[in-house]
Amino acid sequence: VFMVMRRKHPVAMVCCLIISLCVCLLGSWIEPLCDDVRMTVLDVGQGQSILLQSEGKASLIDCGGDSDTDAADTAAEKLLSMGITKLDGLILTHYDRDHAGGVVYLLTRIAADVLYLPDCIDTEGYSAPLKQMDNALIVREHMVIRFGAVSISLITTDYGISNNESGLCVLFQRENC
């Protein structure tokens, strides 16, 4: 519009830029809401945090990194920027720092309906405050969480060799995918 105008007013250019910016921001906010199923790997540094979404529901797998507070802050900021103020589930695979270190801090910023905890060895002390929470559910046998056309299977292991090998396995499925 600005380019085809004969008399180019700076105010018109600023208005065009503001309108373009608003349309882009609105599009980037609406786009994730249009997906039936979405998986987002959050960059929390040297650690893991994976967001699973479907039909307005959101579950997070792990939240840990080199720094507990940095990983939690990074995950919380990303979730809040996506419009997620509450998680339907938070799944921990095991209790190593790079997977569970930021969970307690994250839960002070973003609530979770259910906290799925593995029944495995905790050598670092992350499980004690988590198991005392009212919404904590210790997964001792295979279970499936369903919402809409997707399911999250929590598969227990009994290897017991190390924390990594004795934690939960998570399978995120949509129908035949």
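Is R140 buried or exposed? R140 is exposed, with a relative accessible area of 57%. This report starts from that residue and works through a predicted model.

## Salt bridges

Side chains of opposite charge can pair when their charged atoms come close. The count here comes to 6 salt bridges. Three of them are set out below.

| Pair | Closest N to O distance |
|---|---|
| D68 and R97 | 3.0 Å |
| R140 and D119 | 3.5 Å |
| D88 and K86 | 3.8 Å |

Take R140 and D119. Their side chains meet in a salt bridge, 3.5 Å from N to O. The pair links distant parts of the chain, 21 residues apart. R140 sits in the loop between β6 (136–139) and β7 (143–147). D119 sits in the loop between β5 (111–118) and α5 (127–131). D119 is partly exposed, with a relative accessible area of 45%. R140, at 57%, counts as exposed because the cut-off for that word is over 50%.

Salt bridges can also share partners. D73, E77 and R109 are joined into one network in this way.

Now take D68 and R97. The closest N and O atoms of this pair are 3.0 Å apart. Again the pair links distant parts of the chain, with the two positions 29 residues apart in numbering. D68 belongs to helix α2 (residues 68–81), and R97 belongs to helix α3 (residues 97–100). D68 is buried, at a relative accessible area of 12%. R97 is partly exposed, at 37%.

The third pair is D88 and K86, with 3.8 Å between the closest N and O atoms. K86 is partly exposed, at 39% relative accessibility.

## The nonpolar cores

Which residues touch the most other members of the largest nonpolar core? They are L51, L60, L87, L90, L92, V103 and L106. This core holds 28 residues. Several elements give two or more residues to this core: β3 (57–61), α2, β4 (86–91), α4 (103–109) and β5. Helix α2 gives the most, with 5 residues.

L90 shows how such a core residue is surrounded. Leaving out residues up to four places away in sequence, L90 touches L60, V103, L106, L107, A112, V114, L115 and Y116. Among these contacts, L60, V103 and L106 are also on the list of residues that touch the most other core members.

Another core lies apart from the largest one. This other core has 12 residues, including I50, I61, I152 and L154.

## Two buried residues

T40 lies in strand β1 (residues 37–41). T40 is buried, with a relative accessible area of 15%. The word applies because the value is under 20%. Beyond its sequence neighbours up to four places away, T40 touches S49, I50, L51, Q53 and M82. One of these, I50, belongs to the core of 12 residues. Another, L51, belongs to the core of 28 residues.

Y95 lies in the loop between β4 and α3. Is this loop residue buried or exposed? Y95 is buried, at 0% relative accessibility. Its contacts, leaving aside neighbours within four places in sequence, are A100, L117, P118, C120, I121, D122, E124, Y126, S127 and K131. How far apart in space are Y95 and V4? From C-alpha to C-alpha, the distance is 61 Å, and the two are 91 residues apart in sequence.

## A nonpolar patch on the surface

Some nonpolar side chains lie on the surface. L26, W29 and I30 form a nonpolar patch there. Together they have about 290 Å² of accessible area. I30 is in helix α1 (residues 10–34). I30 is partly exposed, with a relative accessible area of 34%.

## Cysteines without disulfides

How many disulfides does the model have? The count comes to 0. C16 is in no disulfide, and the nearest cysteine sulfur, that of C15, is 7.0 Å away. C16 is partly exposed, with a relative accessible area of 24%.

Why does C169 form no bond with C120? The closest cysteine sulfur to that of C169 is in C120, and it is 11 Å away, so the two are too far apart for a bond. A disulfide needs the sulfur atoms within 2.5 Å. C169 is partly exposed, at 38% relative accessibility.

How values were computed: Residues numbered from 1 in each chain as written. Predicted model: local features only at pLDDT ≥ 70, side-chain atom pairs only at ≥ 80, totals over all residues. Heavy atoms only, no water. Helix = DSSP H or I, 4+ residues; strand = E, 2+ residues; numbered from the N terminus. Buried < 20%, exposed > 50% of the residue type's maximum accessible area, 1.4 Å probe, protein only. Contact = heavy atoms within 4.5 Å. Salt bridge = Lys/Arg side-chain N within 4 Å of Asp/Glu carboxyl O. Patch = residues over 30% accessible without salt bridge, like charges linked within 9 Å, V, L, I, M, F, W, Y side chains within 5 Å. Areas by Shrake-Rupley, 256 points an atom, 1.4 Å probe, with all protein chains shown as cover. Core = buried A, V, L, I, M, F, W, Y, C linked by side-chain atoms within 4.5 Å.
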